[in-house]
Amino acid sequence: MEHSTDELDGLVRKRIRALRVAQGWSLEELAGRANLSQSSLSRIENGQRRLALDQLVTLARALDTTLDQLVETASDDVVISPMIDGAHGLMRWPVKGDPGMTVVRQRMTEPPPDNPARMRAHPGREWVVVLSGTAVLMLGHRRFRVETNQAAEFPTMLPHAIGAEGGPCEILGIFDRDARRGHLRDNRSTGKDCAPDLPHTT
């Protein structure tokens with residue numbers, strides 16, 4: 001989707017105000033953080049003052065964001081359809097903002113291995129959200145129960161595995177670039193499908 005200069009200008013001004021309000025800051029508070037006068041910031045938000053690059057950089061920093069994020073525009077392809085692997089009960093979504101990240105949905109029925117020798121370790125970080133049932137996350141010798149609507153985040157350099165407890169459970173796994181690369185490398189060496197550290201469904 002292409003944006004005209006005027007559309008982008010208006011979008012950036014609305015975004016500055018929305019980010020300020022989301023932080024709970026008054027005009028005076030953000031102006032102080034950005035080394036601007038309150039009247040200057042008010043005119044920027046209201047479209048009465050030209051947007052200068054140096055001011056946008058300063059405002060982005062004050063709002064704890066980046067210039068790229070402050071001026072980015074929406075794309076047409078907002079909705080992402082999953083790639084479905086029916087043989088293994090997997091649904092995968094690429095994260096377009098960061099092509100290295102992947103979201104995987106899976107139904108599990110088996111408990112995780114309790115022997116660290118059967119767990120995997122690799123660079124990266126993973127997030128797991130339990131959609132239904134109860135999952136068990138093994139991190140080395142530690143065991144964590146993750147209930148429906150709970151999430152877990154952990155570094156994958158720790159030996160880890162995930163499984164179900166007390167019946168089937170369904171999870172969303174989110175993998176950063178390094179974790180995804182680690183899974184692909186592990187699965188190539190074992191000849192398995194490139195699923196996360198999860199047992200196969202039955």
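# Reasoning about a predicted structure

Modeller: Setting aside residues up to four places away in sequence, arginine 20 touches Trp25, Ser26, Leu27, Leu30, Leu41, Glu45 and Leu63. The model is a predicted one.

Colleague: Why is arginine 20 called buried?

Modeller: The relative accessible area of arginine 20 is 8%. Buried means under 20%, so arginine 20 is classed as buried. This residue lies in helix α1.

Colleague: What does the side chain of arginine 20 reach at 2.9 Å?

Modeller: The side chain of arginine 20 reaches the backbone oxygen of tryptophan 25 at that distance, 2.9 Å. A polar contact requires a pair of N or O atoms within 3.5 Å, and the value of 2.9 Å meets that limit.

Colleague: Why are α1 and α3 described as oblique to each other?

Modeller: Helix α1, residues 5-22, packs with α3 at an angle of about 125°, and their axes are 7 Å apart. Angles over 145 degrees count as roughly antiparallel, those from 65 to 115 as roughly perpendicular, and those under 35 as roughly parallel. An angle of about 125° fits none of these ranges, so the pair is termed oblique.

Colleague: Which residues make the contact between these helices?

Modeller: From α1 come Arg13, Ile16, Arg17 and Arg20, and from α3 come Leu41, Arg43, Ile44 and Glu45. By class, the residues of this contact are three nonpolar, no polar and five charged.

Colleague: Which residues touch the most other members of the largest nonpolar core?

Modeller: They are Ile16, Leu30 and Leu59, in a core of 16 residues. Helices α1, α2, α3 and α4 (53-62) are the elements that give two or more residues to this core. Helix α4 gives the most, with four residues.

Colleague: With what is leucine 30 in contact, leaving aside its neighbours within four places in sequence?

Modeller: Leucine 30 is in contact with Ile16, Arg20, Trp25, Leu41, Leu59, Ala62 and Leu63. Apart from the core just described lies another, of 13 residues, including Leu137, Val146, Phe154 and Ile171.

Colleague: Why is glutamate 153 neither buried nor exposed in this classification?

Modeller: Glutamate 153 has a relative accessibility of 45%. Buried requires a value under 20% and exposed a value over 50%, so glutamate 153, at 45%, counts as partly exposed. This residue is placed in strand β7.

Colleague: How do you know that the side chains of glutamate 153 and arginine 125 are joined by a polar contact?

Modeller: The contact between these two side chains is 2.8 Å, and the limit for a polar contact is 3.5 Å. The side chain of glutamate 153 also makes a polar contact with the side chain of tryptophan 127, at 3.3 Å. In sequence, glutamate 153 and valine 129 are 24 residues apart, while their C-alpha atoms are 9.0 Å apart in space.

Colleague: What makes arginine 105 partly exposed?

Modeller: The relative accessible area of arginine 105 is 29%. Partly exposed covers what lies between the buried limit of 20% and the exposed limit of 50%, so arginine 105 belongs there. Arginine 105 is found in strand β3, residues 102-108. Its side chain makes a polar contact of 2.8 Å with the side chain of glutamate 170. Arginine 105 and isoleucine 171 are 66 residues apart in sequence but 5.7 Å apart in space, C-alpha to C-alpha.

Colleague: Why does asparagine 35 count as exposed?

Modeller: The relative accessibility of asparagine 35 is 71%. Exposed means over 50%, so asparagine 35 counts as exposed. This asparagine is found in the loop between α2 (27-33) and α3 (38-46). Its phi is near 55°, a positive value in a residue other than glycine.

Colleague: Is asparagine 149 buried or exposed, and why?

Modeller: Asparagine 149 has 69% relative accessibility and therefore counts as exposed, since the cut-off is over 50%. The loop between β6 (142-146) and β7 (151-155) holds asparagine 149. Phi of asparagine 149 is near 75°, which is a positive value in a residue other than glycine.

Colleague: How many helices and strands are there in the protein?

Modeller: The protein has six helices and nine strands. Of its 202 residues, 36% count as buried.

How values were computed. Residues numbered from 1 in each chain as written. Predicted model: local features only at pLDDT ≥ 70, side-chain atom pairs only at ≥ 80, totals over all residues. Heavy atoms only, no water. Buried < 20%, exposed > 50% of the residue type's maximum accessible area, 1.4 Å probe, protein only. Axes fitted to C-alpha atoms, helices over the stretch in contact; angles between N-to-C directions. Contact = heavy atoms within 4.5 Å. Nonpolar A, V, L, I, M, F, W, Y, C, P; charged D, E, K, R; others polar. Core = buried A, V, L, I, M, F, W, Y, C linked by side-chain atoms within 4.5 Å. Polar contact = N/O pair within 3.5 Å; in protein donor to acceptor, adjacent residues only side chain to side chain.
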